[in-house]
Amino acid sequence: MVSLLRNTVRDYAWGSRTALPELLGVEPDGEPQAELWMGAHESASSVLPSGKSLYDLVSADPTGVLGAETAERFDGRFPFLAKLLAAEQPLSVQAHPSPEQAREGFAREEAAGIPLDAPDRNYKDPWPKPEILIALEPFDALVGFQPLNRTVALLDALGAVGLEELTSLLRDGKLQDAFGQLMSTDRDAIRPLVAALGEACRQYDGDAFAVEVETLDRLSQDFPDDPGVLAALLLNRIRLERFEAVYLPAGNVHAYLSGLGFEVMANSDNVLRGGLTRKHIDAPELVSVVDFEPLAEPVMAGTPGPGGVTSYETGCEYFAVHRLDLADGEPVEVAASGPRIVVSVGGTVTCEAGRNPGGDGVVELSTGQSAFVSGAEAPCNLRGPGTAFVVSAG
């Protein structure tokens, strides 16, 4: 089965009002459009032409839809969720749990009787949420702890009043202590520190930290009493160019700042937040899932292969991501098993199920559209001209 998908737009406040409409070729409606979800998550499943949701289809026949191996490996759950993400404002400073942490946290909150839709619920499901973000245009983000010597050099260059203790902790290699203290400091105590940081940024006239300083200055003005501004001091400030990526395994602290990207994650909505948001923050729980190993090289590129196929090699067990840059000509076979989602991000892409081009099960995708290929199908064929991502079970 290959089917065109109808997908849900999430209107989170940080979303761009123009980026997704422009990609999809529709008129903006003036409201933020943050994410377009593609998959079978229970809160916003894609819908098939029959009107049935992909979530309901999988629930009714996991083996027939996912394939026997995928259904068994993921306990009948669709393993991944794909999104087009358009950020106009920063997302929260956040991290995601490991499989063990997700199972334990979900069970704990279920036992406590916290409703799944409660605003103070941390764990919406018992699944981890490793993810990859691939830029479709220049994309700015804070990703992973930067090497401590660079953070100390940044703090020394700024000389902000009140941050001497933070600098001392980092100089002594105590990143976990420093992060934990920042996240647990109340907003009244944070406000003068953020103000001092913002003032130091405006006084800075060097070049070595120009990008970091511009970001910190903007965050200090937009979030004057938020510990996430100080947490941003500790993170790698990166800019992804088109088709560059970041992979975020469990425990990686990050915050997307702005841009348009293609995101793939395990099929979960578990987020532990620490700042740059008015949503629920649970600082102790966030600190408990964080990986404090600095990340020296956060940006990854795809690995080119034959036939114009580029692979993003994360090693993640929940998903595999391939990009196809398709010329107008012979179809390219994508040798992936299990359920697949095919997403066009440029041009017109034709998706054909099975090994015989021109046979039954053909879907034509314009930019921003997606198709579902069931686990029972043989490898699918794609034809251009256009660019598409194919996501399959890892």
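Which residues does Leu-276 touch, not counting residues up to four places away in sequence? Select Leu-276 and find out: the list runs Pro-90, Leu-91, Ser-92, Val-93, Leu-219, Phe-223, Asp-226, Gly-228, Val-229 and Ala-255. Keep in mind as you click around that this is a predicted model. Its pLDDT averages 94, and 98% of the residues score at least 70.

**Stop 1: around Leu-276**

Leu-276 sits in the loop between β11 (272-275) and α12. Its relative accessible area is 3%, and under 20% counts as buried, so Leu-276 is buried. For a sense of scale, add Leu-324 to the selection: the two residues are 48 apart in sequence, and their C-alphas are 35 Å apart in space.

**Stop 2: helix α10**

One of the contacts of Leu-276 is Leu-219, and Leu-219 is also one of the buried residues of helix α10. Select residues 210-222 to get the whole helix, 13 residues in all. From first C-alpha to last, α10 reaches 19 Å, close to the 18 Å expected at 1.5 Å a residue.

Now colour the buried positions: Glu-212, Val-213, Thr-215, Leu-216, Asp-217, Leu-219 and Ser-220. While you look down the axis, recall that an α-helix has 3.6 residues a turn, so residues three or four places apart point the same way. To see what covers those buried residues, show the surrounding elements, including β7 (139-145), α6 (148-158), α9 (187-203), α11 (227-231), β8 (235-240) and β10 (254-266).

**Stop 3: strand β4**

Next, select residues 80-87, strand β4. How many of its 8 residues are buried? The count is 8 of 8, so β4 is largely enclosed by the rest of the structure. Show the side chains and you can split them by direction: Phe-80, Ala-82, Leu-84 and Ala-86 point one way, and Leu-81, Lys-83, Leu-85 and Ala-87 point the other. Yes, the buried set includes a lysine, Lys-83. In a regular strand, side chains alternate between the two faces of the sheet.

For the partners of β4, add β3 (residues 35-39), which pairs with β4 in the antiparallel sense over 5 bridges. Then add β10, antiparallel to β4 over 8 bridges. Leu-85 is a handy marker here: Glu-35 stands opposite Leu-85, and Leu-85 also stands opposite Gly-261 in β10.

**Stop 4: the rings**

Time for the aromatics; there are 11 aromatic pairs to find. Start with Phe-145 and Phe-292: the ring centres are 5.5 Å apart and the planes are at 15°, which is under the 30 degrees cut-off, so the pair is stacked. The two rings link distant parts of the chain, with Phe-145 in strand β7 and Phe-292 in the loop between α12 (283-289) and β12 (299-300), 147 residues apart. Both Phe-145 and Phe-292 are buried.

Move on to Tyr-312 and Phe-389, a tilted pair at 6.4 Å centre to centre with 45° between the planes. This pair also links distant parts of the chain: Tyr-312 is in strand β14 (residues 309-312) and Phe-389 in strand β22 (residues 386-392), 77 residues apart. Tyr-312 and Phe-389 are both buried. Add Phe-243 and Phe-262 and you have one aromatic cluster of those four rings.

Stay on Phe-243 and show Arg-323, which lies over the face of the ring at 4.1 Å from its centre. For another such arrangement, jump to Arg-10, whose charged end sits over the ring of Trp-37, 4.6 Å from the ring centre.

**Stop 5: the open sheet**

Arg-323 leads into the next stop, as Thr-310 stands opposite Arg-323 in β15. Strands β14 and β15 (residues 320-326) pair in the antiparallel sense over 4 bridges. Zoom out to the open sheet of 7 antiparallel strands, in the order β1-β20-β17-β22-β15-β14-β13. At the edges stand β1 (2-4) and β13 (303-304), each with a single partner strand, so one side of each has no neighbour in the sheet.

**Stop 6: β18 and a caution**

Finish at β18 (residues 349-352), where Val-349 and Cys-351 point one way, Thr-350 and Glu-352 the other, and all are buried. Strand β19 (residues 362-365) pairs antiparallel with β18 over 4 bridges, with Cys-351 opposite Val-363. Strand β21 (residues 380-383) runs antiparallel to β18 and is joined by 3 bridges. Before you leave, select residues 355-359: pLDDT stays under 50 there, and the model has 8 contacts for them beyond four places in sequence.

Note on methods. Residues are numbered from 1 along each chain as its sequence is written. This is a predicted model: local features need pLDDT of at least 70, side-chain atom pairs count only at pLDDT 80 or more; totals for chains, interfaces and linings use all residues. Side-chain values use heavy atoms; hydrogens and water are left out. Helices (H or I, at least four residues) and strands (E, at least two) are DSSP runs, numbered from the N terminus. The expected span of a helix is 1.5 Å times one less than its number of residues. Buried means under 20% relative accessible area, exposed over 50%, partly exposed in between (1.4 Å probe, protein chains only). Contact means heavy atoms within 4.5 Å. Rings of Phe, Tyr and Trp (its six-membered ring) pair if their centres lie within 6.5 Å; planes under 30 degrees apart count as stacked, over 60 as edge-to-face and the rest as tilted. A charge sits over a ring if NZ of Lys or CZ of Arg is within 6 Å of the ring centre and within 35 degrees of the ring normal. Two strands pair if DSSP finds at least two bridges between them. pLDDT is the predictor's confidence in each residue, from 0 to 100.
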